[in-house]
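Colleague: Please take a close look at one part of this model for me. I care about the salt bridges and their surroundings.

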Amino acid sequence: MAGREGIRLRVLMEPRHGARYEDILALAQATDSAGFDAFFRSDHLLGVDPDDPAYRPTDCWTTLGGLARDTKRIRLGALMSAATFRHPGLLATIVASVDEMSGGRVELGVGTGWFAREHAAFGFPFPDTGERFDRLEEQLEIITGLWRTPFGDDQGFSFEGVHYRIEANRTPPRPFQSPHPPILIGGTGPKRTPAIAARYVSEFNAGLGGDLREQMATFTRACEEIDRDPGEPRRSACVPVACGSTPAEVERRAEGMAPFFRGAAAIGSPDQVAEQLAGLGELGFDTVYLFIFDIHDLDHLALIGAEVLPHLAAVKVAGP
């Protein structure tokens, strides 16, 4: 199976202390100006330190709706929306609305949700792992079913599951993109995650950590088991980054990065960061999301856009 040429470089906002919309907009506009492919944000209401009194929560899709009107070129999305936060009928409508507002630049990343303390702090139920996967699978069937229901279908869309029920929806949400926005699923799970992803995704995300080569092989097998071409979906990785023109600048940007993130991070000069990211192409990754923690350091994005991004356009991406 032939691979692709060039690695798409995207920005993933994971603010240490939360953000105001003005901060998010400034980062998204800097992402656009620097030439990145897309701006994604996490769907969290608490930070890494759940008791950080400085954290400012914002709703993921509300802010993406604002960015849909306040940006022009970059694609926009969530990595990943928690299936525990929103009913699938509502989520399908929200995403379709933002897709129309953006002129067809939206992508839906969705997952099971994992942060138990966050759910408790905001009053969301947090079922066990098996139920969360069951709910995610039903959500995807509903969301894609609603989006794919033809205009004027007299029967509408219906669904009867264990956790959700849709009864004869004859006016489903209509995304701008056809047949619907790209769907992303990801994670390091060896069974249900790749199996669900093989059925639904435009892009499989390997998450952060773990054996990336084995994760890609597992996803390939999941596609083959349902007779899907494993070279069709895109494959992406998340990489924390600290890039600088001088050693002092590199260290300043890496300072405070937790050991867990440092272990998977691209850290160094522009040439060093470009080399580390290009290595992902050999593993079959055609898309990289750069974790950005300091959302006010816009010079960081400008540097990466000017001196790292051009090197990735010609990288040969290995096929599955």
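Modeller: Here is a walk through the salt bridges, followed by one strand residue and a domain record.

This is a predicted model, in which local features need pLDDT of at least 70, side-chain atom pairs count only at pLDDT 80 or more, and totals for chains, interfaces and linings use all residues. Residues are numbered from 1 along each chain as its sequence is written, and side-chain values use heavy atoms, with hydrogens and water left out.

Side chains of opposite charge can pair when their charged atoms come close. A search of the whole structure finds 24 salt bridges (a side-chain nitrogen of Lys or Arg within 4 Å of a carboxyl oxygen of Asp or Glu).

Start with Arg-10 and Glu-203. Their closest N and O atoms are 3.9 Å apart. This pair links distant parts of the chain: Arg-10 sits in strand E1 (residues 8-13) and Glu-203 in strand E9 (residues 203-205), 193 residues apart. Helices (H or I, at least four residues) and strands (E, at least two) are DSSP runs, numbered from the N terminus. Both Arg-10 and Glu-203 are buried (under 20% relative accessible area; exposed is over 50%, partly exposed in between; 1.4 Å probe, protein chains only). A network of salt bridges links Arg-10 and Glu-203 with Arg-8, Asp-37, Arg-75 and Glu-107.

Next come Asp-59 and Arg-86. Their salt bridge has an N to O distance of 3.1 Å. It too links distant parts of the chain, 27 residues apart. Asp-59 lies in the loop between strand E2 (38-41) and helix H2 (60-70). Arg-86 lies in the loop between strand E4 (81-82) and helix H3 (88-102). Asp-59 counts as partly exposed because its relative accessible area is 33%. Arg-86 has 10%, so it counts as buried.

Arg-165 and Glu-167 form another bridge, with closest N and O atoms 3.6 Å apart. Arg-165 is exposed because its relative accessibility is 53%. Glu-167 has 58%, so it is exposed.

Now the strand residue. Ala-78 belongs to strand E3 (residues 75-78). Its relative accessibility is 0%, so it counts as buried. Not counting residues up to four places away in sequence, Ala-78 touches Phe-40, Arg-41, Cys-60, Trp-61, Leu-64, Glu-107, Leu-108 and Gly-109 (contact means heavy atoms within 4.5 Å). Glu-107 is also in the salt-bridge network.

Last, the record. UniProt lists residues 15-261 as "domain: Luciferase-like", in an unreviewed entry. The span is 40% helix and 17% strand, and its end C-alpha atoms lie 14 Å apart.

Note on methods:
UniProt positions are given in the numbering used here, feature names are shortened, and annotations may be inferred rather than shown by experiment.
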